[in-house]
Amino acid sequence: MRKVKAVKEMSFGSVLLLGINGIIGSGIFLLPGTLFKEAGRASVWAIVGAGAATTLIALCYAVMASRIDDDGGAWAYADRAFGPLAGFMTGWFGWFLGVITIAAELAAFLTALGGLWPAVHTRWVYAVIALSIIGALTAVNWFGPGATEWLDNGASAAKVVLLAAFIGLGGWAVLTRGAVAWPTPSGADGTFTGAFATAFYMFTGFSFLPVAAKAMRDPEKTLPRALLIVMVAVTAVYAVVQLVTMALLGGALAGAALPVAAALAKVLGNAGRVAILVGMLVSILGVAIAVSFDTPVGMAALATEKHLLPAVFGRTNRFGAPAVAILTTMALAAGLVLSGSYLFLVKLIVLSSFVQYIATILAMLKLRRAPALPAGMHLPASWGIALVALGLIAYLMTSFAWLTWAIGLGTAAVGGLVFWLDRRATP
């Protein structure tokens, strides 16, 4: 049985695009109105604060990625620091996170497509399109990371161009027409804390980047630099987009279901709205492409790196792609996209993301001076950064509903059973 490996190294530019594409998805197009409703003009600071908080977590990832370049990201760190069970459970939630993300992004894609083609809201049309996209993603991944990288780069470039055009056109309109007064909405549910939590969720996709460490050129240097550059760039883009939408829509932003599309419609009319909806489709599909590559690689790594899953999940085809992991991942994603609610899937995404973050931060604290590992990146005040990041995660986890916790605990129980059965079957 062959081990999962990349057939083509990713350049630094490709790594940056993969990271940007993994973070910027449906949130930047759908959440500015929610943020404004919760915090008014302070929503910009909620975005900046959430970006800074997530960067603290990204720094912990960067330290670990500079010392351990195994495919798998958080699960590889947890396995090295705390042993097979911790590594497996972290990886299990990481794979679950990937599957849910694929399903949620495709659900968002189909919702946006319905804004251009109402027939998508018909159940059978929705199902046919969803399964067709799942089939296409499966085929692309079947031919290995080279094909996936090419498609991901194209989607990322299109997304960056679209957002730059929105910022440029919107900024020009604000400067030439004068900024709108931005009233702070009133209401019992409007709090800065709520806006901070919502904005924090918009950054969770960064954690997929370390999964493909072995596909990168010189990952010890490439990945830490890429993580920091990506986080700073995405935070800046989010903050500027929020400013532009506030300036163009004023208080109406609080009630806008498609805020960025509504804002560009103020500048270009219906053509602007259509352009943004098309951009949403490109953006969301780009995230699905990136995650559909990372998730099977992570699952295969669980089977091949430390034998934490049955070996069959690490089996590759002649193109070097993890065939069994691809089929398993995409089949479950297909079921979720046909039956799951987008908003509920997002809550599960966040819970699974926090499992990855906690495992990585704790592993960094334990392994930061391990003599058996390469020196890697030095992080000043690492204990302080880790404690602040853990405190923020603990605070945000208090917002989960009981059903989210129940599914999380159920996922952990199933994972524990799989681990136990596999260990019993291993001589």
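The paragraphs below go from the chain as a whole to one helix and then to one patch on the surface. The model is a predicted one, and in it the chain is built with 16 helices and zero strands.

Taken over its full length, the chain has 427 residues, of which 56% count as buried. Where contacts link residues at least 6 apart in sequence, 84% of them join residues that are at least 24 apart. Towards the outside, the chain exposes about 16900 Å², and carbon and sulfur atoms supply 70% of that area.

Helix 3, which runs over residues 32-39, gives a local view of burial, since this helix is mostly covered, with six of its eight residues buried. The buried residues of helix 3 are Pro32, Gly33, Leu35, Phe36, Glu38 and Ala39, a list that holds a glutamate alongside residues such as leucine and phenylalanine. Just after helix 3 comes glycine 40, whose phi is positive, at about 60 degrees.

The surface offers another view, in the form of a nonpolar patch of about 320 Å² to which Leu116, Trp117, Val274 and Val278 contribute. One of these residues, tryptophan 117, is placed in the loop that lies between helix 6 (84-116) and helix 7 (123-142). Is tryptophan 117 buried, partly exposed or exposed? Tryptophan 117 counts as partly exposed because its relative accessibility is 45%, and the partly exposed class takes in values between the buried limit of under 20% and the exposed limit of over 50%.

Conventions: Residues numbered from 1 in each chain as written. Predicted model: local features only at pLDDT ≥ 70, side-chain atom pairs only at ≥ 80, totals over all residues. Heavy atoms only, no water. Helix = DSSP H or I, 4+ residues; strand = E, 2+ residues; numbered from the N terminus. Buried < 20%, exposed > 50% of the residue type's maximum accessible area, 1.4 Å probe, protein only. Contact = heavy atoms within 4.5 Å. Areas by Shrake-Rupley, 256 points an atom, 1.4 Å probe, with all protein chains shown as cover. Patch = residues over 30% accessible without salt bridge, like charges linked within 9 Å, V, L, I, M, F, W, Y side chains within 5 Å. Salt bridge = Lys/Arg side-chain N within 4 Å of Asp/Glu carboxyl O.
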